[in-house]
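Reader: I'd like a close look at the sheet in this model, please. Start at one of its turns and work outward, and tell me what each term means as you go.

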Amino acid sequence: MALSFSQLETITKQVYQKFPELKGSSPIIQSRPAPGAKSPGIGEHYLVTFKGGQTVGQKTIFRVVRVTADARGRVVKISTSR
């Protein structure tokens with residue numbers, strides 16, 4: 001089961017709200033088995049990756065935000081690079 005459009009839209013709204021510099025970037029979606037899942041396809045998690053940059057002065061600061069979501073589209077974890 002893949003993430004539906006509405007689930008993905010909910011995730012992107014949360015990310016854009018927390019990281020406005022990523023607004024407009026397209027997410028990359030990957031399916032991952034849930035930790036401790038005994039059979040594939042059950043308890044699946046999704047890794048949704050956003051990449052973007054922000055110009056500060058004359059330097060561009062790139063940021064990668066990784067969102068782990070469960071099969072229902074709920075955000076489990078958000079991590080970011082600097």
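## From the hairpin outward

Author: Let's start at the turn: the hairpin of β2 and β3 has two residues between its strands, and Gly57 there takes a positive phi near 65 degrees. This is a predicted model, in which local features need pLDDT of at least 70 and side-chain atom pairs count only at pLDDT 80 or more, while totals for chains, interfaces and linings use all residues. Residues are numbered from 1 along each chain as its sequence is written, and side-chain values use heavy atoms, with hydrogens and water left out.

The chain holds one helix and four strands, and along the sequence they follow the pattern α-β-β-β-β. Here helices (H or I, at least four residues) and strands (E, at least two) are DSSP runs numbered from the N terminus. The C-alpha trace spans about 50 × 25 × 15 Å along its principal axes.

Now follow the two arms of that hairpin. β2 and β3 (residues 59-70) pair in the antiparallel sense over twelve bridges; two strands are said to pair if DSSP finds at least two bridges between them. As a general reminder, strands of a sheet pair through backbone hydrogen bonds, either parallel or antiparallel. One place to look is Tyr46, which stands opposite Ala69 in β3.

On the other side of β2 comes the strand β1 (residues 28-33), joined to β2 by six bridges and running antiparallel to it. There, Ile29 has Val48 of β2 as its bridge partner. Beyond β3 the pattern continues, with five bridges pairing β3 and β4 in the antiparallel sense. Ala69 takes part here too, with Val75 in β4 as its bridge partner.

Put together, the four strands make an open sheet in the order β1-β2-β3-β4, with antiparallel pairing. β1 and β4 (75-80) stand at the edges with a single partner strand each, so one side of each has no neighbour in the sheet. From one strand to the next the twist averages 25 degrees, an angle taken between N-to-C directions on a scale from 0 to 180 degrees, with axes as lines fitted to C-alpha atoms (for helices, over the stretch in contact).

Ala69 is a good residue to pause on. This β3 residue counts as buried, at 0% relative accessibility. Buried means under 20% relative accessible area, exposed over 50%, and partly exposed in between, with a 1.4 Å probe and protein chains only. Not counting residues up to four places away in sequence, Ala69 touches Ile11, His45, Tyr46, Arg74, Val75 and Val76, where contact means heavy atoms within 4.5 Å. Ala69 and Ile29 are 40 residues apart in sequence, yet 10 Å apart in space, C-alpha to C-alpha. Pro33, in strand β1, makes a nice contrast, since at 66% relative accessibility Pro33 counts as exposed. Its C-alpha is 30 Å from that of Gly53, although the two are 20 residues apart in sequence.

In a regular strand the side chains alternate between the two faces of the sheet. With that in mind, have a look at the largest nonpolar core. By nonpolar core I mean a set of buried Ala, Val, Leu, Ile, Met, Phe, Trp, Tyr and Cys residues joined through side-chain atoms within 4.5 Å. This one has 13 residues, of which Val15, Leu22, Val48, Phe50, Val65 and Val67 touch the most other members. α1, β2 and β3 are the elements that give two or more residues to this core, and α1 supplies the largest share, four residues. Val67 has contacts that include Ile11, Val15, Val48, Phe50 and Ile78, leaving aside its neighbours within four places in sequence.

Finally, the structure holds one aromatic pair. The ring centres of Tyr16 and Phe50 lie 5.9 Å apart and their planes meet at 70 degrees, so the pair is edge-to-face. For the cut-offs, rings of Phe, Tyr and Trp (its six-membered ring) pair if their centres lie within 6.5 Å; planes under 30 degrees apart count as stacked, over 60 as edge-to-face and the rest as tilted. The pair links distant parts of the chain, with Tyr16 in helix α1 (residues 5-18) and Phe50 in strand β2 (residues 44-56), 34 residues apart. Tyr16 counts as buried at 18% relative accessibility, and Phe50 is buried with a relative accessible area of 0%.
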